[in-house]
Amino acid sequence: MQCSPSLVLALSILLGALGFLLLCLNLRAPARYGKHQEKPGKPWARLPARCAWFLQELPSFLVPALLLALRSPPRLEPLGCRLLCGMFCGHYFHRTFIYSFFMRGRPFPLQILLFGMLFCIYNGFLQGYYMIYCAQYPKDWFTDFRFTSGVLLFLFGMGINIHSDILLRQLRKPGDHTYKIPQGGLFTYVSGANFFGEIVEWFGYAIATWSIPAFAFALFTLCFIGPRAYHHHRYYLRMFTDYPKSRKALIPFIF
């Protein structure tokens, strides 16, 4: 398989445009799943949260892994392949094979699950294709400020994301679908601590890889889950009279 810069650019622009479209749609009303699902819907149109999350996230790990497997040996020799495995696939290995089996949530609408799977296939192909077949880095890229700062930002965001997910999970006992006020960690300052961590994580990945597809994905992440943090914040303020008034929606001390 050969690199096609025009294909990479077109897919990246489309990803960014999709992010802006979802930003416009989701600022007015949140995607109807989780705490924002108004009606339970028909049982056949939903899947258990763990199963749905596993199926949704799996393509983001599987598609790049298959692209790597199809590459001629040595498969991990280029730096782009190692960055892809260590950062992008590492994140989605955790989200697919670890997080999904511990999460506690309401049944997931099939329609949103299918859209999520299609996006993960699309983004998994774009990130994997670019990093395997197009990305070129100098031999001293590991010492470049962009790489070191990006990796540190990625790890910082991933730590916030995982820690916040653990705090959210501890709010519920198995089978409990009621929502409570998150406490501790970055939740002391923002309602969407888990979302903030993931946004920081993908901007770190974009800086470390210094690639158009990665920046497009980071922008998409901000446009998609940023409004969700805003609607979560409004939900908590509406549902809990004792909700901390100093807490922001997404960015500590700012918004």
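Me: Why is Y205 called buried?

Reply: In this predicted model, Y205 has a relative accessible area of 0%. Buried means under 20%, so Y205 gets that label.

Me: What makes F88 and Y205 a tilted aromatic pair?

Reply: There are 26 aromatic pairs here. For F88 and Y205, the ring centres are 6.1 Å apart and the planes make an angle of 40°. Rings pair if their centres lie within 6.5 Å, and angles that are neither under 30 degrees nor over 60 count as tilted. So 6.1 Å makes F88 and Y205 a pair, and 40° makes the pair tilted. It links distant parts of the chain, with F88 in helix 3 and Y205 in helix 6, 117 residues apart.

Me: What about W202 and F217, why is that pair called tilted too?

Reply: Their centres are 4.8 Å apart, with 55° between the planes. That angle isn't over 60, so the pair isn't edge-to-face, and it isn't under 30, so it isn't stacked; tilted is what's left. W202 lies in helix 6 and F217 in helix 7, so the pair ties together parts 15 residues apart in sequence.

Me: How do you know whether H91 is buried or exposed?

Reply: Check its relative accessibility: H91 has 2%. The limit for buried is under 20%, so H91 is buried. H91 sits in helix 3, and its contacts include F154 and W202.

Me: And why is F97 called partly exposed?

Reply: F97 has a relative accessible area of 31%. Partly exposed lies between the 20% and 50% limits, so F97 fits there. F97 also helps make a nonpolar surface patch of about 470 Å², along with F93, I98, F101 and F102.

Terms used
Residues numbered from 1 in each chain as written. Predicted model: local features only at pLDDT ≥ 70, side-chain atom pairs only at ≥ 80, totals over all residues. Heavy atoms only, no water. Patch = residues over 30% accessible without salt bridge, like charges linked within 9 Å, V, L, I, M, F, W, Y side chains within 5 Å. Areas by Shrake-Rupley, 256 points an atom, 1.4 Å probe, with all protein chains shown as cover. Salt bridge = Lys/Arg side-chain N within 4 Å of Asp/Glu carboxyl O. Buried < 20%, exposed > 50% of the residue type's maximum accessible area, 1.4 Å probe, protein only. Helix = DSSP H or I, 4+ residues; strand = E, 2+ residues; numbered from the N terminus. Contact = heavy atoms within 4.5 Å. Phe/Tyr/Trp six-rings, centres within 6.5 Å; stacked < 30°, edge-to-face > 60°. Lists of a residue's contacts leave out its neighbours within four places in sequence.
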